[in-house]
Amino acid sequence: MAQNSSRPVGRHFLHIPGPTPVPDRVLRAMDTPIIDHRGPEFARLTKKCLEGIKTIFKTTNPVIIYTATGTGAWEAALTNTMSPGDKVLMVETGQFATLWKKMAERIGLQAEFIASDWRNGADPKAIEARLREDKNKEIKAVCVLHNETSTGALTPIAEIRKAIDAAGHPALFMVDTISSLASTDYRHDEWGVDVSVGGAQKGLMLPPGMSFNAISDKALSANKTSKLPKSFFAWDDMLNMNKVGFFPYTPATQMLQGLAVGIEMLHEEGLDNVFARHARLGEATRRAAKAWGLENLNKNASQYSPTITAILLPEGHDADKFRAQALETFNISYGASFGQYAGKYFRIGHLGDINDAMLIGALGATEMALQLAGVPIKKGGAQAAIDYLAAAHGGAK
Ligand SMILES: *Cc1c(COP(=O)(O)O)cnc(C)c1O
């Protein structure tokens, strides 16, 4: 932005990996008079949301809707199924996995990490090997992130399920699908997940403030004997009230108005088309980065995230300074970097209500910002993305 300009012009390019841009149609749906949250109209809205969200998680079991961000639903997954001192196995895929592990420890669980270098998703073989060693079945849950938002690594959930089964281990299987749900295929029932944790502000295209637990029958039985304290997040109170279309307390009424429309929009586009769009945007972004000569933080090409790409800057270039300058000059936001890589990479979020043209705008802005910041790149990253997307839509190669 020019020195004396008092406002950024045009729409902000929100390319953080959540919250994502909220479609106008969702905003309009939320901009309605408040209705009685114990009245018949509200019960209809609740039921529509509860049924609709099942189609997103691909489950026939109940899904709990919380008035909390994803972090709340993480806590709910653990406190509803575990008892003090229980051992949980987690994988150090990155910052979000680290935060979930810290939470597990804070609430009185013994959390064990399978160490990793933050440049991969979770490895099914490593999980299987650790479970095979656990002869006394002390591990009560395996918790992984479907998509590690801090690094851009997608873990194959069906394969982790197979690994748990191959080890003959009875642990519950919990999956954080916050930054993958409604952006890439996710199958709670088919993949045998016991608790799936979702959030509103990423693929579901809502503002932050709502999150989900999809639960299996096995998780529901574990809930009956689980001894960690739970009150606000207790599943049983929720399930009882949800049966009649209500919540144990005042839910986020306008978020539910938005959720009903967000789900409708996802089905209008078609979930498979939604997934194909995200895969396409991810590939276009990676091609841009490659053409610039910049390195993807994720080293495992079979586990590239369809929703976010983490791009390393060359040694000596400060990614935080780059992001600040890009925001100032081109009104675009990227995700930050964490842990041992803090300041070394930036993340382009390409999830939610984002189309090809918006991505090309973002990649064009990124190429300009990289030049402005003096990062030594090869030109033509945005062009590589344009060529890929044009070809993907049937254009000449
Ligand atoms: C965003 C995110 C979270 C945290 O959710 P909040 O809504 O910020 O509490 C957790 N896990 C993953 C994978 C995420 O992307």
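Around the ligand in this predicted model there are 13 residues, and those that come nearest are Thr 69, Thr 71, Thr 149, Asp 176 and Lys 202. Sorted by kind, the shell holds seven polar residues, four nonpolar ones and two charged ones. If you're wondering which element gives the most to that shell, look at helix α3, residues 70–79, which supplies three residues.

Three side chains put a polar atom close to a ligand atom, and here they are with their distances:

| Residue | Ligand atom | Distance to a polar (N or O) side-chain atom |
|---|---|---|
| Thr 69 | oxygen | 2.6 Å |
| Thr 71 | oxygen | 2.5 Å |
| Asp 176 | nitrogen | 2.6 Å |

So much for single contacts; what about the ligand's surface? On its own the ligand exposes 380 Å², and the protein buries 88% of that.

Now for the strands. Asp 176, with its polar side-chain atom 2.6 Å from a ligand nitrogen, brings us to strand β8, which spans residues 172–176 and runs parallel to β9, joined to it by three bridges. One pairing to pick out on screen is Met 174, whose bridge partner in β9 is Val 195.

On to β9 itself, residues 195–199. How many of its five residues are buried? Five of the five, and the strand is mostly covered. Its side chains, or positions in the case of glycine, split by direction: Val 195, Val 197 and Gly 199 point one way, while Ser 196 and Gly 198 point the other way. Whichever way they point, they're all buried.

β9 has another partner too, strand β10 (residues 211–215), and this pairing is antiparallel, with five bridges. Within it, Val 197 has Asn 213 of β10 as its bridge partner. Put together, β9 pairs in the parallel sense with β8 and in the antiparallel sense with β10.

Last stop: helix α9, residues 253–269, which is where you'll find Gln 257. Is Gln 257 buried or exposed? Its relative accessible area is 16%, and the cut-off for buried is under 20%, so Gln 257 counts as buried. As for the company it keeps, set aside the neighbours within four places in sequence and Gln 257 is in contact with Ala 29, Met 30, Thr 32, Ile 35 and Leu 45.

Definitions and conventions
Residues numbered from 1 in each chain as written. Predicted model: local features only at pLDDT ≥ 70, side-chain atom pairs only at ≥ 80, totals over all residues. Heavy atoms only, no water. Near = heavy atom within 4 Å. Polar contact = N/O pair within 3.5 Å; in protein donor to acceptor, adjacent residues only side chain to side chain. Areas by Shrake-Rupley, 256 points an atom, 1.4 Å probe, with all protein chains shown as cover. Helix = DSSP H or I, 4+ residues; strand = E, 2+ residues; numbered from the N terminus. Nonpolar A, V, L, I, M, F, W, Y, C, P; charged D, E, K, R; others polar. Buried < 20%, exposed > 50% of the residue type's maximum accessible area, 1.4 Å probe, protein only. Pairing = 2+ DSSP bridges. Contact = heavy atoms within 4.5 Å.
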